[in-house]
Amino acid sequence: MRCLRLTHVNVRVQDLTAAVRFYTEVMGLEPIPRNDRGGTGAWFRLGSTEVHLALDPSPQTRSKRHFAVEVADLAEARRHAEQKGAEIDQEDVGRFWMRDPSGNRIEVVKP
């Protein structure tokens, strides 16, 4: 097998309304139509890939598992995330990590 590209990331969320608000208002992702045949969730465009949210109300264990996104201005992205109430989980040179409302970890990196 030779993988060609990442097509999407699927993230479990406990509260779909709060998650949709986070991924649109904090991360600025564009909602797109779902092309699946079942389940409850929401899909978003992120560059040439997609982020899929799947509703799962069971409690989730916090971990360091994450996906990463690149932003044009890291300092502005951090300010914006904080203003919108995102939990900043960790910082390092050239990156920070935040949590969505369900505790999913997202790494934010500069180009």
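In the predicted model, the side chains of E107 and R95 form a salt bridge with an N to O distance of 2.3 Å. This contact joins distant parts of the chain, since E107 belongs to strand β8 (residues 105-109) and R95 to strand β7, twelve residues apart. The two partners differ in their exposure class: E107 is buried, with a relative accessible area of 7%, whereas R95 is partly exposed at 31% relative accessibility.

Strand β7 (residues 95-99) also contributes R99, which pairs with D89 in a salt bridge whose closest N and O atoms lie 3.4 Å apart. Here, too, distant parts of the chain are linked, with D89 in strand β6 and R99 in strand β7, ten residues apart. R99 counts as buried, at 7% relative accessibility, while D89 counts as partly exposed, at 28%.

D89 additionally forms a salt bridge with R62, for which the closest N and O atoms are separated by 3.7 Å. Because R62 is located in the loop between β4 (49-55) and β5 (66-70) and D89 in strand β6 (residues 87-92), this pair ties together parts that are 27 residues apart in sequence. R62 is classed as partly exposed, its relative accessibility being 44%.

These contacts of D89 belong to a network of salt bridges that links R62, E87, D89, R99 and R105. Over the whole structure, the search identifies ten salt bridges.

Key. Residues are numbered from 1 along each chain as its sequence is written. This is a predicted model: local features need pLDDT of at least 70, side-chain atom pairs count only at pLDDT 80 or more; totals for chains, interfaces and linings use all residues. Side-chain values use heavy atoms; hydrogens and water are left out. A salt bridge is a side-chain nitrogen of Lys or Arg within 4 Å of a carboxyl oxygen of Asp or Glu. Helices (H or I, at least four residues) and strands (E, at least two) are DSSP runs, numbered from the N terminus. Buried means under 20% relative accessible area, exposed over 50%, partly exposed in between (1.4 Å probe, protein chains only).
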